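Colleague: Got a minute to go through this model with me? Put it up and let's talk salt bridges before anything else.

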Amino acid sequence: MNPVIVLVGRPNVGKSTLFNHLTRTRDALVADFPGLTRDRQYGRASLGERAFIVVDTGGLGEGQEGVEQGMHKQALQAIEEADAVVFLVDGRSGVTATDQDLAKRLRSAGKPVALAVNKTEGLPPGIAVSEFHALGMGEPWPIAAAHGHGIKRLIAQVLAALPCAAGAVESAGPSPDEATPGTRVAVLGRPNVGKSTLINRLLGQQRVLVYDTPGTTRDSIYIPFEKDGRWYTLIDTAGVRRRSRVQESIEKFSVVKTLAAIDVAHVVIVVLDARGRVTEQDAHLVGHAIEAGRGLVIAVNKWDGLDDHQRDDVRRLLRVKLGFLDFAEIHFISALHGTGVGLLLEAVDQAHEAGSRDLATGRLTQILEDAVAQHPPPLLRGRRIKLRYAHQGGRNPPVIVIHGNQAERTPRAYRRYLANTFRDVLKLHGTPVRLEFKTTDNPYEGRPNRLSPRQHQRRKRLIKHVAKAARKRRR
């Protein structure tokens, strides 16, 4: 296995910046704001031919109550899993009491520790690291994570102290599919609807931070795991509020990362709060997933404790607010107690299979002909729309291309009828179906008229003669 290197330090010393530099990504949210990172973030990195796993953690040592206590536990758990630790300190702030306390904790952990003095750009190396010898963590390494200075030497020193496992050689970096194996499942919802609780319930462990305060999750966390021989990557996302309520720049970046998670996912689980009712914002989130063409599963959380009248009210609101979701499965769950959670991954598998299925041209054309025979297209300016054949134009979501005369003028209602027909016959449940209409070119359009004027006159006389003979026969 590849070695695991964990980045620890007090808040705002540059751990996420270093994480992004090592993984050559922007997976970790970065801003000049202390306490931004809260959950453990894993990424793949390499130095030369040596591959390793790097873990970003939340700030340690400042505050032990509320969310900070959860961040502290997350970081300590990451240290336990680590093969080596990179202890980051701020070269411009100097040694603080928090740094001294963290140094004592790391010495007692029994892990190899490299002391990295960040933000040393523009400072003489000797002066920048001189006072950090007092921490007793060995030789300090001056780096500048924002500019990439000194990082290769630091990581080379860390890896040199670790045994090289067989098979740990890797090229410059993993592809997105390698970094996120199996079916990618993004978990979306408004703040405090129970997304992180659901993630932990599916994993069977306290993997992501859970706290009874809206906005606890700020970044998108990618978590690979295996269940019943199948691989998944769960993506825990930040809660998305209405645009008018989003004011802090940090929250704006979190929303961007959430929307990006939709783009890379195969299936989206939208979590709704049964006790907070179904809102317009829920419908907007579902609309984002449908617009991106992702498979969709609806999880109505906090279902436990509701009486029959309240449950009927929630079902009515689902029909009113999300009536356009006739293709997605709706599951009523309790993420806290686990009720109904086991069925979610089955619905995810069904939606992913439907979205990635190969559809035969002959089968699609037969379904189109049966649908047209049962309910013909309407007349358009006195002319009937003729739909002739269909074939598959894409997957995830399934795209069906229909050819015919005036096909592009097919009314919206008839398009919905065809989409529902294809979905019902082919059992494409859990995924949107997109139809594209293409008008067949007229083979005679634009052809030059090859008759001479004399031939036109002879043709007109012949037509007149035939018409006159027909009138005589009728008499």
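Colleague: Which residue forms a salt bridge with Asp-349?

Modeller: Arg-230 does, with the closest N and O atoms 3.7 Å apart. A salt bridge here is a side-chain nitrogen of Lys or Arg within 4 Å of a carboxyl oxygen of Asp or Glu. This pair links distant parts of the chain, 119 residues apart: Asp-349 sits in helix 11 (residues 344-355) and Arg-230 in strand 9 (residues 230-236). Helices (H or I, at least four residues) and strands (E, at least two) are DSSP runs, numbered from the N terminus.

Colleague: Before I lean on that, what kind of model is it, and what are the ground rules?

Modeller: It's a predicted model: local features need pLDDT of at least 70, side-chain atom pairs count only at pLDDT 80 or more, and totals for chains, interfaces and linings use all residues. Residues are numbered from 1 along each chain as its sequence is written, and side-chain values use heavy atoms, with hydrogens and water left out.

Colleague: OK. Is Asp-349 buried or exposed?

Modeller: Asp-349 counts as buried, because its relative accessibility is 17%. Arg-230 is at 38%, so it counts as partly exposed. The cut-offs are under 20% relative accessible area for buried, over 50% for exposed, and partly exposed in between (1.4 Å probe, protein chains only).

Colleague: How many salt bridges does the structure hold?

Modeller: There are 10. One of them joins Asp-99 to Arg-10, with the closest N and O atoms 3.1 Å apart. Those two are 89 residues apart: Asp-99 is in helix 3 (residues 97-109), and Arg-10 is in the loop between strand 1 (4-8) and helix 1 (15-23). Both Asp-99 and Arg-10 are buried.

Colleague: And what does Asp-90 form a salt bridge with?

Modeller: With Lys-119, the closest N and O atoms being 3.4 Å apart. Asp-90 is in strand 4 (residues 84-90), while Lys-119 is in the loop between strand 5 (113-118) and helix 4 (125-129), 29 residues away. Asp-90 is buried at 7% relative accessible area, whereas Lys-119 is partly exposed at 23%.

Colleague: What's the phi of Lys-119?

Modeller: Near 60 degrees, so a positive value in a residue other than glycine. Most residues other than glycine have a negative phi. Asn-12 also has a positive phi, about 65 degrees. Asn-12 lies in the loop between strand 1 and helix 1 and is partly exposed at 28%.

Colleague: Where's the cis peptide bond?

Modeller: From Asn-396 to Pro-397, with omega near 5 degrees. Pro-397 is in the loop between strand 15 (386-394) and strand 16 (399-405).

Colleague: Switching to sheets. What order do the strands take in the six-stranded one?

Modeller: The order is 2-3-1-4-5-6, in an open sheet with mixed pairing. Strand 2 (41-47) and strand 6 (141-142) are the edges, each pairing on one side only. Two strands pair if DSSP finds at least two bridges between them.

Colleague: How many bridges join strand 2 to strand 3?

Modeller: Seven, and the two strands run antiparallel, with strand 3 covering residues 50-56. Ser-46 has Ala-51 in strand 3 as its bridge partner.

Colleague: Last one: where is Thr-96?

Modeller: In the loop between strand 4 and helix 3, and partly exposed at 23% relative accessibility. Thr-96 is 39 residues from Leu-135 in sequence and 10.0 Å from it in space, C-alpha to C-alpha.
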